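Let's take a friendly walk through a protein structure, stopping at a few places along the way. Have the sequence and the 3D view open as you read.

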Amino acid sequence: MAEFFSANNSQNNPQYNSLLEKFLRDMNEMNGMNGEDVSRQVGEALSELCRFLRVEKLTGVFYSGHKEEKANKGDSYTCYDTGNPSEERMRNRLAVDAFTIVHIHIFQSPDAAPWTDEEISRIDLIQHTLVVYISRLRLGKEVDHFTYFDADGYHNIRYFFRAMQRFAMLDQLNGMVAIHYNLKHFSLVNQQIGRIAGTVVMRNHFNRLQEIIAEDGVMGRMGGDNYLLLCSAEVLDQVVDYLKGTTVVFDPTTQEKVYIQATAGVFPIPQDFVLRDPGDVMDKILNAGQAARHAGGDEIVFYDEMMEEQRERNSRIQRMFPNAIRKKEFRVFYQPKVDVWGKELVGAEALCRWFHEDEIIPPVAFIPVLEQNTDICKLDFYMLEMVCRDIHRWLMEGKQVVRISVNLSRKHMLDVDLLEHILEIVDRNEVPHQYIEIELTETTTDVEFRDLKRVVSGLQQAGICTAVDDFGVGYSSLNLLREIPWNVLKIDKSLLPTDEDGEDSIRSVMFRYVVSMARALGLECITEGVETAQQVELLKKNNCDLAQGFFFDRPLPLESFEERLDRHTY
């Protein structure tokens with residue numbers, strides 16, 4: 001560039017030299033300016049130079065390599081244009097580096113005299129300078145894209161945080177509404193219509209929300225089917241209605257569409273709110289979003305102060321857990337399983353109870369918290385260890401031992417060595433495999449289903465009994481039975497008729513046919529939640545042999561259960 005400047009500066013033309021110096025100065029100073037100021041200032045200097053050199057129009061096409069150049073797929077820039085009629089008089093191809101090739105097109109008025117050699121030399125300097133300038137702008141845009149967009153072209157969480165902070169700096173954040181939403185069961189949508197069409201659905205759903213919030217808000221994606229949204233309070237009702245459920249077209253030719261629902265956490269930002277960090281808002285909408293996913297009621301949950309208290313309680317549970325494991329504060333309670341015909345004890349389910357100092361922490365207070373990470377897996381293995389120690393001792397004492405079932409969380413499906421971990425605990429405690437039963441709950445995702453099938457098959461081969469827990473609660477029950485070789489079907493209490501249900505009630509019909517199906521498949525069938533004598537008779541009538549519930553026993557501490565073992569009948 002210095003050689004060009006030196007060569008042109010030797011032509012003693014004060015007006016040209018002044019314009020060129022201004023143009024080059026603006027080039028060098030553009031890093032300290034925002035994009036609009038740079039484009040305007042450089043544009044003004046370039047316009048003056050082009051007018052001086054009798055250029056009517058100047059354009060450039062940037063290609064990212066030879067392949068793009070050959071396909072003629074580049075980014076076009078119009079750097080200067082008077083709008084007057086013009087003809088292309090000069091074209092240059094410049095290879096900036098191995099990845100950037102530029103075609104420069106320069107136009108002159110049809111009636112203008114040809115450029116002199118001196119003018120051509122000066123134009124050559126301008127186009128080289130301009131290529132450097134645009135290359136720097138393109139690099140800035142690419143860096144911006146990698147920083148603020150994800151691989152699928154959505155604005156990412158960094159972009160959302162930056163936008164939130166800008167709204168705060170402009171005193172516009174207070175009074176707005178922040179939302180975290182998750183598309184419900186989107187893996188099932190992908191199964192139904194395919195991943196390509198699913199991607200279209202996701203994008204169309206996003207775009208429609210973007211139209212609703214318009215330029216007054218901002219959206220971003222956290223990853224997968226989780227999104228963030230900041231909008232004005234005026235459009236909140238529209239946004240909520242859309243998130244509750246809408247049809248989304250994925251094939252414009254056939255107008256095929258699917259129904260999409262979302263769960264969402266909503267935080268209306270109060271007027272006195274002070275944003276110290278984007279996390280101040282994120283904590284609130286994520287907590288509300290989690291409540292929406294797991295509460296089993298409202299799917300759009302607005303943040304309130306009670307959620308903050310719950311978050312603090314959850315945090316306390318997580319902090320207490322490692323020490324509680326070390327101190328063996330978790331104890332095994334056993335709930336008997338009974339043969340309804342002979343009233344004989346045939347098994348039990350191991351249930352966890354937490355005794356902390358003078359406090360009994362109920363399972364509903366800590367199990368969902370530990371489910372949020374892999375702590376639940378540590379607790380499950382702890383429970384299996386305690387159960388195996390008890391069984392080993394009972395065998396040594398000559399007790400009439402029954403099969404004990406231990407629950408495992410879905411979180412274990414992430415463990416590729418789960419089977420080995422289970423067998424290591426059982427075998428180290430010298431427990432014959434027939435005394436252990438592993439209860440696993442239903443699952444709805446492809447990946448979890450395959451892992452579940454692998455684990456159950458492995459346990460079967462090792463001679464360890466497996467049970468599908470809470471049958472009838474999930475969405476994939478029948479497929480679960482068809483694909484996976486279970487030993488036991490455990491019917492959820494929600495399918496068990498109450499004393500008020502007649503024989504033709506929906507629940508009675510479903511219960512009757514589920515038991516019949518289980519027996520036809522050769523599965524051992526047990527119903528949980530049995531609380532009345534009438535329900536026991538109902539089990540007999542429908543040939544369901546086993547029951548678990550308060551009618552026989554609540555979960556019992558170790559000493560009380562050992563008494564049941566010794567007595568063995570009810």
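What follows is a short tour of one helix, some salt bridges, a charged patch and a few backbone angles. Keep in mind that this is a predicted model.

**A helix inside the structure**

Start with helix H13, which covers residues 375-396. How far apart should the ends of its 22 residues be, at 1.5 Å a residue? The expected span is 32 Å, and the end C-alpha atoms are indeed 32 Å apart, so expectation and model agree. Helix H13 is also largely enclosed by the rest of the structure, because 16 of its 22 residues are buried.

Leu384 is one residue to look for in helix H13. With a relative accessibility of 0%, Leu384 counts as buried, since the cut-off for that word is under 20%. Now look from Leu384 to Lys73: the two are 311 residues apart along the chain, and 62 Å separates their C-alpha atoms. Just after H13 comes Gly398, whose phi is positive at about 80°.

**Positive phi without glycine**

Which residues other than glycine take a positive phi? One of them is Gln255, with a phi near 60°. Gln255 sits in the loop that links strand S8 (246-251) to strand S9 (256-260). Its relative accessibility is 46%, so Gln255 counts as partly exposed.

Another is His568, which is not a glycine either and has a positive phi of about 70°. You can find His568 in the segment after helix H19 (558-567). Is His568 buried or exposed? It is buried, having a relative accessible area of 7%.

**Salt bridges**

The whole structure holds 34 salt bridges. Three of them are listed here, with the closest N to O distance for each pair.

| Residue | Partner | N to O distance |
|---|---|---|
| Arg208 | Glu211 | 3.1 Å |
| Arg507 | Asp501 | 3.2 Å |
| Glu503 | Lys541 | 2.4 Å |

Take Arg208 and Glu211 to begin with. Both belong to helix H8 (residues 195-213), and being three residues apart there, they are separated by about one helical turn. An α-helix has 3.6 residues a turn, so residues three or four places apart point the same way. Arg208 is partly exposed, with a relative accessible area of 36%, while Glu211 is exposed at 54%.

In the pair of Arg507 and Asp501, Arg507 is partly exposed at 31% relative accessibility. Asp501 is also partly exposed, with a value of 24%.

What does the salt bridge between Glu503 and Lys541 tie together? Glu503 lies in the loop between strand S18 (488-491) and helix H17 (506-520), and Lys541 is in helix H18 (residues 533-541), so the pair connects parts that are 38 residues apart in sequence. Glu503 and Lys541 are both exposed.

Salt bridges can also share partners. Lys337, Glu349, Arg403, Glu437, Glu439, Lys490, Glu524 and Glu528 are joined in this way into one network.

**A patch of negative charge**

Finish on the surface. Which residues gather there in a patch of negative charge? They are Asp304, Glu305, Glu309 and Glu312. Glu312 belongs to helix H11, which runs over residues 305-326.

How values were computed
Residues numbered from 1 in each chain as written. Predicted model: local features only at pLDDT ≥ 70, side-chain atom pairs only at ≥ 80, totals over all residues. Heavy atoms only, no water. Patch = residues over 30% accessible without salt bridge, like charges linked within 9 Å, V, L, I, M, F, W, Y side chains within 5 Å. Areas by Shrake-Rupley, 256 points an atom, 1.4 Å probe, with all protein chains shown as cover. Salt bridge = Lys/Arg side-chain N within 4 Å of Asp/Glu carboxyl O. Lys, Arg positive; Asp, Glu negative; His and termini not counted. Charge placed at Lys NZ, Arg CZ, Asp CG, Glu CD. Helix = DSSP H or I, 4+ residues; strand = E, 2+ residues; numbered from the N terminus. Expected span 1.5 Å × (residues − 1). Buried < 20%, exposed > 50% of the residue type's maximum accessible area, 1.4 Å probe, protein only.
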